[in-house]
Amino acid sequence: REDLWVREGKILNPEKLFFDEKGSADVQLDCKDSIIAPGFIDVQINGGFGVDFSLATDDFKSGIDLVSQKILSHGVTSFCPTLVTSPPSVYHQILPQISVRNGGAHGAGILGAHLEGPFISKEKKGAHPEHCLRTFEAGAFQELLATYGSLDCVQIVTLAPEMRRSSEVIRELTKRGICVSLGHSVANLSQAEEAVQHGATFITHLFNAMLPFHHRDPGIVGLLTSDKIPAGRRVFYGMISDGIHTNPAALRIAHRAHPKGLVLVTDAIAGMGLAPGRHTLGQQVVEIDGLNTYIAGTKTLSGSVATMDTCVRHFQEATGCSVETALEAASLHPAQLLGIEHKKGTLNYDSDADFLMLNDSLYVQATYIAGEEVWRQDVLGM
């Protein structure tokens, strides 16, 4: 039951306003008992509303604009457009068209691209096309640069740490401020720990596309309770909390083992927000059947069609955690992962005024970016 003060797009400490400037609010808004929470940050989203971020099209920019506009209603105020494993020509065409930008009435802010693949394991490729997979054999980091073309707007790279020469690649990426995530991998625990010691900080969709937990070698999953994590470092892990990709019991196990590292991601594909049927994910055709999405003609799961606010509600329901905990998994934790928690992911003074109004059931009522209302639930539709 407090007031939230905003000025020039930032959350304001009202103390100076009262005592130094002797000022008061120019505009007052009655939030009608809503919960005010930081805006959600989605670090893994492949597309939505018919737009596929891994498809090189002439109007790629208008596609990314459409998605960034539409996800405002899900409470997402910034995101990392994610590309699945693709041929080099696709990266060379698409990456120059992605630019880091602030959010606003035009849509959610873009924090940089998440490149998931092609340096991943054949055995755990999931929905990634096998003929596009690559290794670091020849030139290690040079190989990666040649594949992507440029790292200018790249924020996260998902790779398999068991690959030869992955350590030097992880070091080089980390040196450039790029977050390295482990995923689509058959790594054992010591390979995963070594990757973390070289700078990796994230796990791509925990449990999906990795070896299942085994008590003698828990694999990447073992990082959640590993005692070999460098002091002062935290490993974060993404979870697709859509009720399909991970059984609620697995969600509870992960959350209880390492609550401070859990980052909710949608892993949404082009079919999010569209009717069931056939859609694309990069080089593949996928079929949507209810909340399930499969590579056409198979039972291989391929991304989700869940929205971020749905994932938050499902997570809270599945784990019985507090409302604050559920909201932090979609805001504070992804911000900490990307090292932007001084600006995003909290309601602290001087941070960006990206926030949501939610009702007690955690349905989004309004979305604000830099203190401006960018989306509001239509009262008739409520």
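**Exercise 1.** In which loop is the place of aspartate 267? Work on the predicted model, and then describe the surroundings of this residue.

*Solution.*
Step 1. Locate the residue. Aspartate 267 sits in the loop between strand 14 (262–264) and strand 15 (277–281).
Step 2. Check the record. UniProt lists Asp267 under "active site", in an unreviewed entry.
Step 3. Judge the exposure. The cut-off for buried is under 20% relative accessible area. Aspartate 267 has 6%, so this residue is buried.
Step 4. List the contacts, leaving aside neighbours within four places in sequence. Aspartate 267 touches Gln44, Asn46, Glu116, His205, Ile240, Gly303 and Ser304.
Step 5. Look for a polar contact. The side chains of aspartate 267 and asparagine 46 make one, at 2.8 Å.

**Exercise 2.** Trace the chain through strands 10, 11 and 12, and give the pairing and the handedness of each crossover.

*Solution.*
Step 1. Start with strand 10 (residues 154–159). Strand 10 pairs with strand 11 in the parallel sense, over four bridges. One register point is isoleucine 156, whose bridge partner in strand 11 is cysteine 179.
Step 2. Follow the connection. From strand 10 the chain passes through helix 5 (residues 166–175) to strand 11, and this β-α-β crossover is right-handed.
Step 3. Move on to strand 12 (residues 202–203). Strands 11 and 12 are parallel too, joined by two bridges. Leucine 182 has isoleucine 203 of strand 12 as its bridge partner.
Step 4. Follow the next connection. Strand 11, helix 6 (residues 189–197) and strand 12 form a right-handed β-α-β unit.
Step 5. Inspect the side chains of strand 11 (residues 179–182). Cys179 and Ser181 point one way, Val180 and Leu182 the other. All four residues are buried.

**Exercise 3.** What is the strand order of the open four-stranded sheet, and which strands are its edges?

*Solution.*
Step 1. Read the order. The sheet runs 3-18-19-20, with antiparallel pairing.
Step 2. Find the edges. Strand 3 (35–38) and strand 20 (372–376) each pair on one side only.
Step 3. Add the twist. Neighbouring strands are turned by 25° against each other on average, direction ignored.
Step 4. Examine one pair. Strand 3 and strand 18 (residues 355–358) run antiparallel and share four bridges. Isoleucine 35 has leucine 358 of strand 18 as its bridge partner.
Step 5. Compare with the record. UniProt places "domain: Amidohydrolase-related", from an unreviewed entry, at residues 35–374. The end C-alpha atoms of this span lie 17 Å apart. The span is 24% helix and 22% strand.

Technical notes. Residues numbered from 1 in each chain as written. Predicted model: local features only at pLDDT ≥ 70, side-chain atom pairs only at ≥ 80, totals over all residues. Heavy atoms only, no water. Buried < 20%, exposed > 50% of the residue type's maximum accessible area, 1.4 Å probe, protein only. Pairing = 2+ DSSP bridges. Right-handed = clockwise from strand over helix to strand, strands pointing away. Axes fitted to C-alpha atoms, helices over the stretch in contact; angles between N-to-C directions. UniProt positions renumbered as here; feature names shortened; annotations may be inferred. Contact = heavy atoms within 4.5 Å. Polar contact = N/O pair within 3.5 Å; in protein donor to acceptor, adjacent residues only side chain to side chain.
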